[in-house]
Amino acid sequence: MNNYISSKNLIAPFKKGVLFNLRSRMFMAFGALFIIILVMLKCIEIKGIPFTNFGGEYLQQQSEVFRNLNLVADLKKERLLQWIEERRDDTKVLAESSIIQFYIKSILTEIEKNVRRGRRRDDLWNEVRNAKTYQTLMQHLNLVKGRRGVYQSIQFVDAETGTIIASTQNADLGVNISSTNHFKRALNSSDTFVDIEKIPQSTTDLIITSLIKSENPHNESKNKVLAVLIMHINPDDMLKPMERLDKISEAFLINRDLKIITLLKHPLADGRIAKPLEYHITSKPAILAVRGEQGLIATNDYRGEPVLAAYRHIPIASEVGWGMVVKLDKAEGFAPLRRSIVYSALFILMSIFMILVLTFIMANNFSRPIQILSRTLQKVEAGDLNARAQISAANDVGILAGTLNTMLQRFQIWRETLEKQVQVRTAKLSSTNDELTKEIIQHKEVEETLRESEERYRTLVSNIDSAFFRCDENWTIHFISDGIQEISGYPASDFIRDKVRSYPSIIHPEDIKMVTEIASDCLSKKIPVEVEYRVVCADGKIRWVRKKSQGIVNRNGKLAWIDGVVFDITDRKLAEEALKVSEEKYRKLVDNSLVGVYKTNINGDILYVNEALSRMFEFESPTEMISVGALARYKNKKDTKGLVESLKKTGKIDNFEMEVVTKRRKTKNILTSATIDGEIISGMVIDITERKRAEKECGRLIRELVDKNKELEHIVYAASHDLRSPLVNILGFSKELEYASKQVHSVLQNGEVSSQLKEKLAPILEEDIPEALQYIFKNTSKMDSLLSGLLQFSRTGRTALTIKQLDMNKLLSDIFEAFDYQIKKAGANVTKVKLSLCRGDMTQINQIFSNLLDNALKYLDPNRPGIIKISGHKAKSQIVYCVEDNGIGIAKEHQGKIFEMFYQLNPGTSSGEGLGLTIARKILDRHKGKIWVESERHKGSKFFVSIPAK
Ligand code: ADP
C-alpha cells in the first residue's frame, strides 16, 4: 500500500512538469535570449554607446534639426533686417529732401498766417488743404506711397504742437498726436526711429519716424526740428515672410517689451489665442533673444510643449531690438527617428515569431519520444497494463522504452494470476456477507416493530389524561405513570412508596370516606372498582377523576396487587355542571314563558307541558294536563291528522292554525310550530283567540267604513250637484237685482223726484245695493268653484279606471303644452328629465301632475326666477316621480295637513279651493300609489308621487 503511494507520488511530478517544462524552457530560453540581443542592439543604435564618440541616431537627429533651425533663423533675420533697412532709407530720403523741408516750412507759415488771421479751425485746415504747396506735397507723397505699396499713410507733424499738418489721409489733418508714444520717442531720438505699435482706432502699425530739420548753414548743431515725418507701414508685408515656414515649424517675433509682434501658430495652453502686442511671452528663447543673445535651445514653448528652438536678436534701431524665435516641436523633429524605431520593433517581433516557430519544431522533435514514454506511463497509472511505448529509435530513449515494455508484460501476467485468486475469495466473502445482511435486516425489522409498538404504547399512555398505577392493599403505590403529574401537578416519584406523599393524601377530604368504602367493598366482592371523586392539586385547584382498578390475586388466591388507572374527568364534569345550569335556566324560561311549550310522543301522549300551556288550556297545573292527554283537546280531528302528517313529511310545521277545546269547554284558536325527532314531537303554542276576534272585528269595521264612504261620496256628489242649481238661480237673480237697481238709479237721476227722496235713496242705490251685490257675486262664484271642485272629487272616486302603460314623457309634454300660458306668465323655467313608464289611468294621472304643476307655478316665490323640475326614479316595483320647485315652500307643521280637504295655508290669497292635493291623494289611493311632500319654507318644495311600474 505504502509502496503504491510512493510510486504514485514519483509519477505525479513527472506527469505534470517534465515535458511541458522542457519544451517551454527551450522556448523561453531561445526566445528571451534573442529578444534581449535584438533590443540591446537597437538601443545602442538609437542612443549610442556611453563614453564613446558614437552618439547614436538620437543625437544625429537632434543636430540635424538644430542645423536646419539655425539656417532658417539666419535667413529670416537677414531678410527682416534688409526689409527694415529699405524702409528706413525711404524715410531718410524723404526727411532729408530739401524740397520736403521747403513744403513743410511753407505749410507751417500758411498755418501761422491763418492762425493770426483768427480763422476758425475748419476753415484753417481747408485753407491749408487747398494751398498749392500742400497739393504739390501730397502729389509727391502719393507717388512714394504708390511706388512702394507698403505705406498706409505718411504724416508730417508739427514738432512744436504735435498737430498733423500734412497727411496722405485727409481725415488726419489737424489731429493732435502730441501725447502718443511714437511721437514722443521720435522727438527724443536723433535719427530715424522704428517701432511697431498699436495705434488707437487702427490696426497694428509699423511706424518709422524721422525728424525734419531747418538747415542752419552756419551751425549744424543749431538745426531746428520743424516737423516729424511719420510713415505708417502695414506690418503684414514684413511679417508675412516670417510666417512662411513648413507645416511643422514656427517662427515669431517679440518686441523689446517681450510682447509678441506676430501671431502665434498655436493657441495657448489654456486654449486662448494670443493677441499681438498684448500677449507677454515668457518662454526662455524669447527672453534670451530680446536680451540680445542668439543660439539654440531645447526647452518648452508657450504651450508647455517640448521644442527645439533657434533664437536671434534683431537690432531694429540703435536703441531698440526685437527677438526672433524659430522652433520645431520635439515630437515632429524626432518623427523620422520614431518611425525607424517602429519599423525596427516590427522587425524584432517578426524575428521573434520566426525563432519561436523554429524552436517549437526543434523542441517537438526532441521531446516526442519522451512524450510517448510519458503517455504510456499515464495509461499504466490509469490501470491499463496493455499499454506499450512505441519507440523504435536506436538510442537511449529506445532502450528505455524496450525495458519499460518488458516490465509491463511481466506486471500483466502477475496481475492476471492475482485477479483470479481475488475472484475466488470474493465469491466466498460475498455469500457470507449476504447471509449476514439477511440476518441484520431481520433483526432490524424485529427491532423496528418493537420500537413502533413501544412508541404506540407510549403515545397512547401519554395522550390519555390518565395515570396507571399499581399499589398494595394498604394503598402504598409501587408504580404510577407520569400522567399523575398532568392530573395533580405532583411528580409521579412523590407517590412511589409514599416517598413525599401518599395517594390518599390528595383525595378531597369530603370524598375520601366514600372512596375508601367503595374500594373496600368491591375488593371484598372481588369485582372491579369504579369511582368518581375529587383530588386537591398542587396549585390548590380541585380536579375531578375517575378511578378504575382491580385486585390481582397470586397463585394462593391472596391479593397481590391492585392495578388501576385514574382518568381526569374535570372537563366532562364541568360540562355536565354547565349543562345542568343551562337546562335549569331554559326550563325556568320555558316554564315562565307566555308561549306554551310541549313535548308529546307520536301518539299524542303528553310528555311535558309548561305552565303557560296548561293555563292556556285552563288546567290547574301542567301535571293535570299531562294526566289528561292532549289529543283529546283538538276540536277538529282533521287538524290533528294534518298536523301529524305534515310533521312526518317535512320533519317540522310552522304556524299551524287550529281550534282546541279547553278544560272548561271553551273553544280557542291556537297557532303551533313543532319539530319531530324520532318519536318525539316538541313544539310551541300561541293563543290567537283574541287576535282572531280582533281581525274579524276589523274586517267588519272596514266593510262598514267602505259602505259609509260610498254613502258619503254619494252625498257629496248629490250635494255638490244639487246645490249648483240654486246657486245659478241666486247668481241670475242677483244680476236681475243689479239691473233693476241701476234702472231705479237712472229714474231717480232723471225723473221728477223730490231732492229729499233723492238724497235718501242715493246712498242705498249707489253704495249699499252694489256692495251687497258684489258680496253675493264673490261668494256665489267662490261657492261655485267649491262645488265644482267637490264634484270633481266625488267623480274621481266613482269613475271607472282604465289602467294601461303610460308614456310619462308624452303625458308631461302634453301637460307642459296645456300650461304654456301660465308658465310664460310666471316666467318659470320648467324642465323634465327622461321619465320611466308606469301603469295607471291616463286621465287621472294627468289630473295629478296638472294639479302639482299648477301648484308649483302658483306658489313660486315672486322674488326669484322660478325653476320647476320633474324627475323620476325606480324604487322596487314603483316609479317615484318628483315635482320640485324653488317656490315659497311649506312650513313643517302644515306639511301633513295640505292633503286634507279644503286645507289651505293662506285661504284669502290663494286662487284654489284646497282640493287639488286631496284629489291627487284620492287618485293615488285607487292606484295603490302614494303622495308625500318634502319642503322647506322660503326654499321650495318637492312633491313625490309613487305609481306602480307594472
Ligand atoms: P289649492 O287649490 O289651494 O292649491 P291644494 O290642495 O292643491 O289646494 O293645496 C293645498 C295647499 O298646499 C295650498 O293652499 C298651498 O298653501 C299648499 N301648497 C300646495 N302646493 C304647494 C307648493 N308647490 N308650494 C307651496 N305651497 C303649496
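Here a trainee asks a mentor how the terms used for this predicted model and its ligand are justified.

Trainee: What is the mean pLDDT of the protein chain?

Mentor: The mean is 84, and 93% of the residues reach 70 or more. Residues 1-19 are another matter: their pLDDT is below 50. Beyond near neighbours in sequence, that stretch has eleven contacts in the model.

Trainee: Moving to the ligand, which residues are the closest to it?

Mentor: N855, Y859, D885, Q904 and L917 are the closest, and 20 residues surround the ligand.

Trainee: What makes the pair between the ligand and the side chain of Y859 a polar contact?

Mentor: Look at the distance. An oxygen atom of the ligand is 3.0 Å from an N or O atom in the Y859 side chain. The cut-off is 3.5 Å for a pair of N or O atoms, so this pair counts as a polar contact.

Trainee: And why is the G914 pair called a polar contact?

Mentor: Here a backbone N or O atom of G914 lies 3.3 Å from a ligand oxygen. That is within 3.5 Å, so the name fits. G916 also has a polar backbone atom 3.3 Å from an oxygen atom of the ligand.

Trainee: How much of the ligand does the protein cover?

Mentor: It covers 97% of the 530 Å² of accessible area that the ligand has on its own.

Trainee: Where does the ligand sit?

Mentor: In the largest pocket. Helix 22 (842-858), helix 24 (916-926) and strand 26 (940-948) each give two or more residues to the shell around the ligand. Helix 22 gives the most, with three residues.

Note on methods. Residues numbered from 1 in each chain as written. Predicted model: local features only at pLDDT ≥ 70, side-chain atom pairs only at ≥ 80, totals over all residues. Heavy atoms only, no water. pLDDT = per-residue confidence, 0-100. Contact = heavy atoms within 4.5 Å. Near = heavy atom within 4 Å. Polar contact = N/O pair within 3.5 Å; in protein donor to acceptor, adjacent residues only side chain to side chain. Areas by Shrake-Rupley, 256 points an atom, 1.4 Å probe, with all protein chains shown as cover. 1 Å grid on protein atoms, 1.4 Å probe; cavity = no way out; pocket = protein on both sides within 12 Å on 5 of 7 lines; lining within 4 Å. Sits in = over half its atoms within 2 Å of the grid points. Helix = DSSP H or I, 4+ residues; strand = E, 2+ residues; numbered from the N terminus.
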